[in-house]
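Subject: Structure for your review

Dear colleague,

Please find below the sequence and structure that I am handing over to you. My findings follow directly after them, and I would be grateful if you read them with the model open.

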Amino acid sequence: MVGRLTIGMLGLAALLAAVMAGAAPPGGETVRSTDQFQSGRDAFADPEKLPGAALYQQTCAGCHQGGVYKAPHRTWLEMMTPVMLFSAMNDGIMQPQAAHLSREQRQQIAEYLSRQKLDAFASEPKAKQCVGPAASFDLSRPAPPVGWGHDTSRFVPGDVAGLTAAQVPKLRLKWAFAFPNAMRARSQPAIGLGAVFVGSKDGTVYAFDLDTGCVRWTYKARAEVRTGIVVEATQTAPKLFFGDVMARAYALDAVTGRELWVTKVDDHSSATITGTPALFKDRLYVPVSSLEVTAAADPAYPCCTFRGAVAALDTVTGTQAWKSHTIPDEPTQKGTTSAGTPILAASGAPVWNSPAVDAARGVLYVGSGENYSSPADGNSDAIMAFDLKTGQRRWVRQTVSGDAWNVACMMGDNPNCPAERGPDLDYAASPILASLPGGGQVLLGGQKSGVVHGFDPESGAVRWSTRIGRGGVQGGVHFGMAAEGARLYVPIYDMANARDGSKPTEPPRPGLYAVDGATGKLIWSHPAEDVCNGREFCDPGITAAVTAMPGIVFAGHSDGWVRAYDGATGSIVWKYDTTEAVKAVNGVDAKGGSMSGPGPAIGDGHMVFNSGYGLYFKMPGNALLVFGVDGN
C-alpha cells in the first residue's frame, strides 16, 4: 500500500503505463483494479491468484523488474499479446530461461502478464490474400513525401490527395479491416504504390490493396508497431521504415515485405519508439522515448537513468551514424529518498514525437518531455535543434522550467516523487516548420500546457506564445497539429476529469482551433460538442493528430467521431461515427473507438485512418477504415 492506492503487482505496470499518459484515479479514490485504466482486456477477478502470478515471480521478476538493464521492463510485457509472450518462451529469445517450464506453465505466465487468454487468439480472423492484378504494386504511383516521416506539417497537397474540398462531404466507407484480437490501433497508415501500409498491436505490418482491402503481404515484427509506416518516395526498389515498442527500428522491402535490417536503437530496459522515424536522403532519424517514468512508482526503484535521444541510422545497412541525447550527461546520484533509494538525475526528457527536418539549415527539430527525477534541468519541455550530419546540438529552448515528474507523484506520499511534482507538460506533438506569406519561416510548437509557440528556427528565440487550451497532464496539444501554409490547426484535448488528482480552476477547452502562424493570433475556434452522453471512456476532445488538405482539416476525436472542418471557417462539413460496427474484409466486425496518436492519411482519392485506443481511459477499438468519394 502506497499512500491511498492499493494495487497488485500485475496492476502496477499497467497502472503506471496509464498514468504516464495522464491517467490517475479521480479524486484520489483507491484503485481496485487496472480495469479502471484499461478497457478491452479479459477480466480476471483476482489476477494475483492465477497460477502464472507465482511462476512469474519465481522465473521472470528478477530480470524484468529492473534487475537486468537490457531486459524489457514488466511494463512492456504487460502491453504484449499472450501469443508474443508465449512464443518468446517457446521458441524465441526467452527459450533458455523458460526451458524448465512446461508448456502449460508458459501459457499461464503469458496469460497472467497480458491478462488475455491464449485460446482467444486461436481463431484470429485472417486477412484475405490478394490474387490477380490486386496483388501487384504500382511503381508508377510512388508514396508521396507527406506526413510523419517526411513532413511534420501533416498537409497533403491537392494533387496528392486526389480529393477536393467539394468532394469531402461525399466520402463514404469503401472497406474496413478488423485488426485481430486488438483493443487499440495506433500506427499511422501510409498510402503509396496503390497500397495502404500500416502496423498493429500484435506486431503485424500489413500491405493492403488500396482498392479492395486484400493483403499483398504481411510481416511480423518482434513487438507492437506503434509508429507510422514511412515509405520511400521512389519508383526504384522502395523501402519502408518503422519502429516497435521495444526500441527496434526496421527496414523492409516495400514490394515484397522482406526484412532488410533491424537495429536496436537504445539498450535501456524501458526505451521505446513512439514517434515515427524521419527519413531524409540516406538517413533515418529515430526518436527515443521511454516508460521508465512508470517504474519509478516502486519506492525501491532508483529513479532514473533513461535519457531521451535521437539516433541517425544508415537507410541501407541500419548502422548508427550518430546518436544524441536530450540530456547531454549521464545521470549521477543526487541524494536518496526517505526510503533510502538513490535519486539519479538529470533524467527523462523523452522524445515522443516525429522529428522535423529542415534541409536548408541542415537541422533536425524535436520536442522533449518532462524530467523524471529531481532536480529538473534545462532540457525538459523544450524544443531542440540538432545538426543533421553530426548530431551536434545547435540550440535548445525550454518553455516550461522545473518540470520533474514520474508516476510516484500520483501515489500519495510515495518517496520517489520528485520535489518539483510536475506538472508534466511535454512536447508530445512534432514541431512544424512553416513558411510565411511575406517571406521567412517560423517553427511552431504545441505543448500539453495548452500553449502554442512560434520560434525563430535559426536561434530558437520565442517570437510569440498563445494560450489555446486549459492544458494539463491530460490536456492541451497531444499528438499533432497541422499547417496549411501559415494557418496552423491546433487540436486540444483537455479532458474534463484528467484523473490526476488535480482540481483545475479553469474549464476545459476541447476542440479545434486555427492560429495565424506569423502572429499567434486566433483565426477561429470550434469547441468540441459533447456527444458522449455518459458513455464510458468517452471524451469530446482531440488527442489524435489532425491532417490537412486544401481547404479541409480532418480530426479524429476521442468520442469516436472523425470530423472534417472547413479550413477557413472551422465549420464541420462531414463526420462519421467509427464506433458503429461494420463488416470487415476479414469477415468479422470492425468497430472503432477513441482516436489517439495517428490521424487520417489522405492520398489517391482516399482517406484512411485507424480507430480504437483501449488504454488510458479511452474507448477500445480494432478498426482500419478506408473511405472514397461515394465509396469509389
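Helix 7 is followed by R115, a residue whose phi is positive, near 55°. The helix itself runs over residues 103-114, twelve residues in all, and spans 17 Å from its first C-alpha to its last, close to the 16 Å expected at 1.5 Å a residue. Its buried residues are R106, Q108, I109, A110, E111, Y112, L113 and S114. Please bear in mind throughout that this is a predicted model.

Positive phi values occur at further positions. L193 has a phi near 60°, a positive value in a residue other than glycine. L193 belongs to the loop between strand 2 and strand 3, and with a relative accessible area of 1% it is buried. A237, also not a glycine, has a positive phi near 45°. This residue is placed in the loop between strand 6 and strand 7 (239-243). A237 is exposed, its relative accessible area being 56%.

The loop that holds L193 connects two strands, strand 2 and strand 3, which brings me to the sheet. Four strands form an open sheet in the order 2-3-4-5, and their pairing is antiparallel. Strand 2 (190-192) and strand 5 stand at the edges with a single partner strand each, so one side of each is left without a neighbour in the sheet. From one strand to the next, the twist averages 15°. Within the sheet, strand 3 (residues 195-198) and strand 4 (residues 204-209) are paired in the antiparallel sense over four bridges. F197 stands opposite A207 in strand 4.

Beyond the sheet's edge strand 5 (215-220) comes the loop leading to strand 6 (230-231), and E224 is located in this loop. Is E224 buried or exposed? Its relative accessibility is 3%, and because buried means under 20%, E224 counts as buried. Its side chain makes a polar contact with the side chain of R184, at 2.9 Å. Apart from neighbours within four places in sequence, E224 is in contact with M79, M84, R184, R186, S200, K201, G203, D244 and V245.

The loop between strand 5 and strand 6 also contains R222. R222 forms a salt bridge with E259, with the closest N and O atoms 2.8 Å apart. As E259 is in strand 9 (residues 259-264), the pair ties together parts that are 37 residues apart in sequence. R222 is partly exposed at a relative accessible area of 42%, and E259 is likewise partly exposed at 33%.

In total, the structure holds 20 salt bridges. One of them joins R509 and E506, whose closest N and O atoms are 2.9 Å apart. R509 is partly exposed, with a relative accessible area of 29%, and E506 counts as partly exposed at 36% relative accessibility. Another salt bridge is formed by the side chains of R563 and D559, at 3.1 Å from N to O; R563 and D559 are both buried. In addition, a network of salt bridges links D138, R141 and D604.

Two cis peptide bonds may merit your attention when you inspect the backbone. The bond from C303 to C304 is cis, with omega near -5°. C304 is found in the loop between helix 9 (292-295) and strand 13 (309-314). The bond joining A345 and A346 is also cis, with omega about -5°. A346 is part of the loop between strand 16 (342-345) and strand 17 (356-358).

Finally, I looked at A584, which is situated in the loop between strand 33 (582-583) and strand 34 (589-590). At 6% relative accessibility, A584 counts as buried. Not counting residues up to four places away in sequence, A584 touches A176, F177, A178 and A590. A584 and L625 are 41 residues apart in sequence, while their C-alpha atoms are 9.0 Å apart in space.

Yours sincerely,

A colleague

Note on methods. Residues numbered from 1 in each chain as written. Predicted model: local features only at pLDDT ≥ 70, side-chain atom pairs only at ≥ 80, totals over all residues. Heavy atoms only, no water. Buried < 20%, exposed > 50% of the residue type's maximum accessible area, 1.4 Å probe, protein only. Polar contact = N/O pair within 3.5 Å; in protein donor to acceptor, adjacent residues only side chain to side chain. Contact = heavy atoms within 4.5 Å. Pairing = 2+ DSSP bridges. Axes fitted to C-alpha atoms, helices over the stretch in contact; angles between N-to-C directions. Salt bridge = Lys/Arg side-chain N within 4 Å of Asp/Glu carboxyl O. Expected span 1.5 Å × (residues − 1).
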